[in-house]
Amino acid sequence: MRSLTAARPTLRWLVPLAVLLAVLASFLVVNSANAKAPLPTISAQDLLVKVGGAKVDGLSGTVVQNADLGIPAIPGGTGSAGGQLTSLLSGSHTMRVWTDGADKARLAVNDEYAETDVVTNGTDVWTYDSRAKAATHTTLPDGSDRADRQAPAGAPQTPQQAAQEVLAKLTPTTAVRVDPDVTVAGQAAYDLVLTPKDGASLVKQVRVAVDGANFVPLRVQVFGAGDKPALDVAYTDIAFGQPDARMFSFNAPEGTKVTEKAVPERKAPTAAEKKELEARKAQAQKDTTVVGTGWSTVVVTKLPGDAANGNETLKGFLGQLKPVSGSWGTGRELDGTVVTAILTDDGRLAVGAVGADVVAAALAR
């Protein structure tokens, strides 16, 4: 007996076609089931409220920072714990973070051949530099002035107030929106976008990815003129929940020199100290001029006469900058990707997120 396909040759092609369609249908069903639903729509203000009120019972993760700020290397930048932290201003760095969501935290900055740690368990603060084989330990006073951690008078008392104030200050100079969802460290996240309205600013856009479930910022990107972020700080992995308690304890490795640092005694200033403080504050205000507004603001300030005296690191850094001159005098210019600074030879410093011509014009006023 002849088969049906033998009797009707065209049916031979229908069999494999049906199998293929069945496989495709199964594939689509499985992937539709696995696809994450988009996050609910949210306004920029409501997102800021959520961020302001976010509370997590601890987290741990890896943070990778890539900085292309156009800032020359700081001489000796990796020669100490502080130097390693300031070296974060350029290049790529990886950090591990742990926090219990309250007063315990650990930050480990990994270099190619060294690690810098800052650890606090609530009462003890440790810093450790594996390259120098050196650690410092500080014991905080009991109770540690929790009253001092309260918001000062006049500060927003609720996340809603804080969000309203932030947007009220931003919107005259900045377009604020929430873009479609992004995925950061495997987490669905809102993408809050801040775009300066002033085209003269070197900062063209700031994007903040906020976890859609816990409302913790997962990534911050600052863009200059190029497509590549000038600064990109992002979790590459993150886990919400209490880290292991041992992450908040520190035992200095064998051979480490440990230095005990006392907490500076806090006491009310005397009348003479208050008078001196007020005089310094008044002088600082007198020596500082703000030119422009919003994203085009340039701050010009007069540095103390001995600011660079004996500071070989600062001298080495300044020596790498371009010599410049103008009607305002002579000095050195830092041309960053999102910031420009000019330090004059007579001790004035002008800084702004604008081009060198705008900074120089501010100096010349």
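Reader: What makes β9 and β10 a hairpin, and which residue in the turn has a positive phi?

Author: In this predicted model, β9 and β10 form a hairpin with five residues between them. Phenylalanine 215 in the turn has a positive phi of about 60 degrees. The two strands run antiparallel and are joined by six bridges. One of the facing pairs is alanine 209 with arginine 219 in β10.

Reader: How do you know that β9 pairs with β8 (residues 187–196)?

Author: Two strands count as paired when DSSP finds at least two bridges between them. β8 and β9 have six bridges, in the antiparallel sense, so the pairing criterion of at least two is met. Leucine 194, for example, stands opposite valine 206 in β9.

Reader: And β4 with β5: how many bridges join them, and which residue in β5 is the partner of valine 119?

Author: Five bridges join β4 (residues 115–120) to β5 (residues 124–129), and these strands run antiparallel. The bridge partner of valine 119 is tryptophan 126 in β5.

Reader: Why are β7 and β12 said to stand at the edges?

Author: Look at the strand order in this open sheet of twelve strands: β7-β8-β9-β10-β11-β1-β2-β3-β4-β5-β6-β12, with mixed pairing. β7 (174–184) and β12 (257–260) each have a single partner strand, so one side of each is left without a neighbour in the sheet. From one strand to the next, the twist averages 15 degrees.

Reader: What makes you call β9 mostly covered?

Author: A residue is buried when its relative accessible area is under 20%. In β9 (residues 205–211), seven of its seven residues are buried. Gln205, Arg207, Ala209 and Asp211 point one way, while Val206, Val208 and Val210 point the other way, and all are buried.

Reader: Which helix lies across β9, and at what angle does it run to β8?

Author: That is α3 (residues 44–52), which lies across β7, β8, β9 and β10. The helix runs at about 120 degrees to β8.

Reader: Fair enough. What is the average confidence of the chain, and where does pLDDT stay under 50?

Author: The chain averages a pLDDT of 83, and 79% of the residues score at least 70. Over residues 1–5, though, pLDDT stays under 50, and the model has four contacts there beyond four places in sequence. Residues 23–35 are also below 50, and this stretch has zero contacts in the model beyond near neighbours in sequence. As pLDDT is the predictor's confidence on a scale from 0 to 100, I would call both stretches low-scoring: each is under 50.

Key. Residues numbered from 1 in each chain as written. Predicted model: local features only at pLDDT ≥ 70, side-chain atom pairs only at ≥ 80, totals over all residues. Heavy atoms only, no water. Contact = heavy atoms within 4.5 Å. Buried < 20%, exposed > 50% of the residue type's maximum accessible area, 1.4 Å probe, protein only. Helix = DSSP H or I, 4+ residues; strand = E, 2+ residues; numbered from the N terminus. Axes fitted to C-alpha atoms, helices over the stretch in contact; angles between N-to-C directions.
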